[in-house]
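Please bring up the model and its sequence. A student and a tutor will work through it by question and answer.

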Amino acid sequence: MAAKKQEKSMDKTSSNVGGPSPWVYVLMLFLVYWGINYLDGNSGGFNAKVYAPHKNATAVANLKVQKSPEDLAFEDGARVYRGICAACHQPNGKGSDNAGYPPLAGSEWVLTESPDRVIAIINNGLQGPIEVAGKTYGQVAMPAQGGALSDEDIANVMSYIRRNSDWGDGHNYSIITAEQVSEVRAKIADRTSAWTAEELINQFPDSQ
Ligand code: HEC
């Protein structure tokens, strides 16, 4: 009887010890849950490429870097150049003396204020002889490229070859617009054969 009494009083004591109320655990669980959710939504999945103030990878991907019209023209021109011109004039613009492809890097034909002659060359092609950077070329002709290229393509590829600073300090001319190309093309619309260097100089006496 005495033992039973004691047991009872121990029970009583243990519930009075004053440990945390069960609600504290519930609250803690809730906080952990909220914390996990918060991290999920704001930590970018712990992706090293996501950092403040961006919350996740989508926010970073949606960031639009504003590119200038010059940069856009240059980038598109690089695409046209790689696709067409680089086969002969080489990716580095140095051409190939052995094959008869003159350089565009440092070429006095490319580095002129007026783009007219080069627009005409791209449009109709060129047959030698032509002197470029102190050497005479003419073993092979350049085929007309105009058929495959829009005014914008020609404008952009010209912007690329005139502004490619990797090709030398002189390559810092302003960009060419599709309107400039369209004007020159309209003037030479009747022309079907490739130009000679002499004809280009006569046709566009002011380009230098
Ligand atoms: C199939 C080879 C070939 C392709 C493709 C080609 N060219 Fe040419 N290009 C030549 C050759 C060859 C000459 C020199 C022709 C001559 O000797 O009369 C030349 C000459 C030139 C010239 C004048 C000379 C100089 O070196 O400055 C320019 C400018 C030029 N090309 C630009 C271009 C551009 C821009 C493209 C691309 C849209 C292009 N070419 C595509 C072969 C090519």
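The dialogue below goes through the helices, the loops and the ligand shell.

Student: What should I know before reading residue numbers and local features?

Tutor: Residues are numbered from 1 along each chain as its sequence is written. This is a predicted model: local features need pLDDT of at least 70, side-chain atom pairs count only at pLDDT 80 or more, and totals for chains, interfaces and linings use all residues.

Student: How far apart do the C-alpha centres of domain 1 and domain 2 lie?

Tutor: Domain bounds come from an automatic or database domain assignment. That assignment gives domain 1 as 21-64 and domain 2 as 69-203. Between their C-alpha centres the distance is 54 Å.

Student: How many of the 21 residues of α2 are buried?

Tutor: Helices (H or I, at least four residues) and strands (E, at least two) are DSSP runs, numbered from the N terminus. Buried means that 20 or more other C-beta atoms lie within 10 Å of a residue's own, exposed means 12 or fewer, and partly exposed is in between, with C-beta atoms placed from the backbone. Helix α2 (residues 22-42) reaches 30 Å from its first C-alpha to its last, close to the 30 Å expected at 1.5 Å a residue. This helix lies largely in the open, because the number of its residues that are buried is zero.

Student: At which residue does α4 bend?

Tutor: The expected span of a helix is 1.5 Å times one less than its number of residues. With 21 residues, α4 has end C-alpha atoms only 26 Å apart, short of the 30 Å that a straight helix would reach. A bend is the angle between axes fitted to the seven residues ending at a residue and the seven starting there. In α4 that angle is about 50°, and the residue is arginine 82.

Student: Which helix do the buried residues of α4 pack against?

Tutor: The buried residues of α4 are Ala73, Gly77, Val80, Tyr81, Cys85 and His89. Alanine 86, also in helix α4, is partly exposed, with 15 other C-beta atoms within 10 Å. The buried residues of the helix pack against α6.

Student: Which residues cover the count of nine buried in α5, and what covers them?

Tutor: α5 is mostly covered, with nine of its nine residues buried. They are Asp116, Arg117, Val118, Ile119, Ala120, Ile121, Ile122, Asn123 and Asn124. Their cover includes β1, α6, α7 (178-187), β4 (195-196) and α8 (197-203).

Student: What is the phi of glutamine 90?

Tutor: Most residues other than glycine have a negative phi, and most peptide bonds are trans. Glutamine 90 comes just after α4, in the loop between α4 and α5. It counts as partly exposed because it has 16 C-beta neighbours inside 10 Å. Its phi is positive, near 70°.

Student: Where is alanine 133 found?

Tutor: Alanine 133 is not a glycine, yet its phi is positive, about 50°. It counts as partly exposed, with 15 C-beta neighbours inside 10 Å. Its place is the loop between β2 and β3 (135-137).

Student: Which residue does a cis peptide bond join to glycine 128?

Tutor: The omega of this bond is about 0°. The partner sits in the loop between β1 and β2. It is proline 129.

Student: How far is glycine 93 from leucine 104 in space?

Tutor: Glycine 93 is in the loop between α4 and α5, and it is buried because 22 other C-beta atoms lie within 10 Å. Contact means C-beta atoms, placed from the backbone, within 7 Å. Leaving aside neighbours within four places in sequence, its contacts are Pro103, Leu104, Ala105, Ile161, Asn164 and Trp167. Leucine 104 is 11 residues away in sequence, but C-alpha to C-alpha the distance is 5.2 Å.

Student: Which element supplies the largest share of the shell around the ligand?

Tutor: A residue is near the ligand if its C-beta atom, placed from the backbone, lies within 6 Å of it. Of the 30 residues around the ligand, Cys85, Cys88, Ser107, Gly128 and Met142 come nearest. At least two shell residues each come from α4 (69-89), α5 (116-124), β1 (126-127), β2 (130-132) and α6 (151-163). The largest share, five residues, comes from α4.

Student: How many residues of the shell are charged?

Tutor: Ala, Val, Leu, Ile, Met, Phe, Trp, Tyr, Cys and Pro count as nonpolar, Asp, Glu, Lys and Arg as charged, and the others, Gly among them, as polar. The shell has 23 nonpolar and seven polar residues. The number of charged ones is zero.

Notes
Contact = placed C-beta atoms within 7 Å.
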